[in-house]
Amino acid sequence: MQILPGVHGSAQMIGDTGNSDTKHWLDAELRSDHAGETGAVAIYSGILAATSDPELISFALDHRETEMRHLALVEEWVPVAGRSRLLFAWRMAGFATGYLPDFFGQNAVYATIDAVETFVEQHYSAQIDRLATHEDQAGLKSLLVRCRDDEIKHRNQARGRAAEPVGFFLNAWCQLVSIGSAGAVALARRF
Ligand SMILES: [Fe+2]
Ligand SMILES: [Fe+2]
């Protein structure tokens, strides 16, 4: 079995017939990746809409540029028909995830990004681990590794700027963000 970028840039599988489980898994995972990168761009747009803090503006502009690059790369692998039907909802949820914490200050924004990027790192790492046994899927795996490594940088930048310790309510908010991210991925895999 082999996954190749298709004529229109879509992910395609060729080869073995006994791998419909893997194809099904991969279609669902890529749909969630595309939804996630769509939401990631929106998170940073939400921060930019809410803040007038020069440090946060430069942080969000820099991160959004990376997320836009991720989205463009993932779009090459996910045909329009394979994308989530809930993209509008992912954009709205992402925007709110970036916009709302700004009301509680810079630290809340950094803690939120730390929570989101920690989740995304684990999400990509699980996919990379499963693809590790598929040597003929090196192209897709290297894309996921590239995205995952950028997310780790984002998380570390946010963590490095956040003040310690995180208070009770901020911690509860970050837990909510993680649970919400997991719920969004579960939905985006299916719809
Ligand atoms: Fe990303
Ligand atoms: Fe990121």
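Trainee: In which element of this predicted model is confidence lowest, and in which is it highest?

Mentor: The model is predicted, and pLDDT expresses the predictor's confidence in each residue. In the protein, strand S2 (residues 11–14) has the lowest confidence, with a mean of 44, while H3 has the highest, at 97. Over residues 6–10 the pLDDT is below 50, and this stretch has eight contacts in the model beyond near neighbours in sequence. The pLDDT is also below 50 over residues 12–18, a stretch with 12 contacts beyond near neighbours in sequence.

Trainee: What is the mean pLDDT of the protein?

Mentor: The mean is 89, and 91% of the residues reach 70 or more.

Trainee: How is the packing of two helices to be described?

Mentor: Two packed helices are described by the angle between their axes and the distance between the axes. Consider helix H1 (residues 20–50) and helix H3 (residues 87–99): their axes are 6 Å apart, at an angle of about 40°. H1 and H3 are therefore oblique to each other, and their crossing is right-handed.

Trainee: Which residues of H1 and H3 meet?

Mentor: On the H1 side they include Ala35, Thr38, Gly39, Ala42, Gly46 and Ala50. On the H3 side, Leu87, Trp90, Arg91, Gly94, Gly98 and Tyr99 are among them. By class, the residues of this contact comprise 14 nonpolar, seven polar and one charged.

Trainee: How are H1 and H2 oriented to each other, roughly parallel or roughly antiparallel?

Mentor: The axes of H1 and H2 cross at roughly 160° and come within 8 Å. Angles over 145 degrees count as roughly antiparallel, and H1 and H2 are therefore roughly antiparallel to each other. The crossing of H1 and H2 is left-handed.

Trainee: Which residues of H1 and H2 meet, and into which classes do they fall?

Mentor: Among them, Asp33, His34, Glu37, Val41 and Leu48 belong to H1, and Leu56, Ala60, Arg64, Glu67, Leu71 and Glu75 belong to H2. The contact of H1 with H2 has 12 nonpolar, five polar and five charged residues.

Trainee: At what angle do helix H4 and helix H6 cross?

Mentor: Helix H4 (residues 106–131) and helix H6 (residues 168–190) cross at roughly 35°, and their axes come within 9 Å. The crossing of H4 and H6 is right-handed. From H4 the contact draws on Ala108, Ala111, Thr112, Ala115, Val116, Phe119 and His123, and from H6 on Leu170, Cys174, Val177, Ser178, Ser181 and Val185. These residues divide into nine nonpolar, four polar and no charged.

Trainee: How should the exposure of a single residue be read; is Gly183, for instance, buried or exposed?

Mentor: Exposure is judged by counting other C-beta atoms within 10 Å: 20 or more make a residue buried, 12 or fewer exposed. Gly183, in helix H6, has 11 such atoms and is therefore exposed. Glu75 lies in helix H2 (residues 54–75) and counts as partly exposed because it has 16 C-beta neighbours inside 10 Å. Pro79 is in the loop between H2 and H3; with 17 C-beta neighbours inside 10 Å, Pro79 counts as partly exposed.

Trainee: How many residues apart are Pro79 and Arg31 along the chain, and what separates their C-alpha atoms in space?

Mentor: Separation along the chain and separation in space are to be read together. Pro79 and Arg31 are 48 residues apart along the chain, with their C-alpha atoms separated by 9.4 Å. Gly183 and Val74 are 109 residues apart along the chain, and 21 Å separates their C-alpha atoms. For Glu75 and Leu170, the values are 95 residues in sequence and 34 Å from C-alpha to C-alpha.

Methods. Residues are numbered from 1 along each chain as its sequence is written. Chains are lettered from A and ligands numbered from 1 in the order in which they are written. This is a predicted model: local features need pLDDT of at least 70, side-chain atom pairs count only at pLDDT 80 or more; totals for chains, interfaces and linings use all residues. Axes are lines fitted to C-alpha atoms, for helices over the stretch in contact, and angles run from 0 to 180 degrees between N-to-C directions. Helices (H or I, at least four residues) and strands (E, at least two) are DSSP runs, numbered from the N terminus. Angles under 35 degrees count as roughly parallel, over 145 as roughly antiparallel, 65 to 115 as roughly perpendicular and the rest as oblique. A crossing is left-handed if the near helix is turned anticlockwise from the far one by less than a right angle, and right-handed if clockwise. Two residues are in contact if their C-beta atoms, placed from the backbone, lie within 7 Å. Ala, Val, Leu, Ile, Met, Phe, Trp, Tyr, Cys and Pro count as nonpolar, Asp, Glu, Lys and Arg as charged, and the others, Gly among them, as polar. pLDDT is the predictor's confidence in each residue, from 0 to 100.
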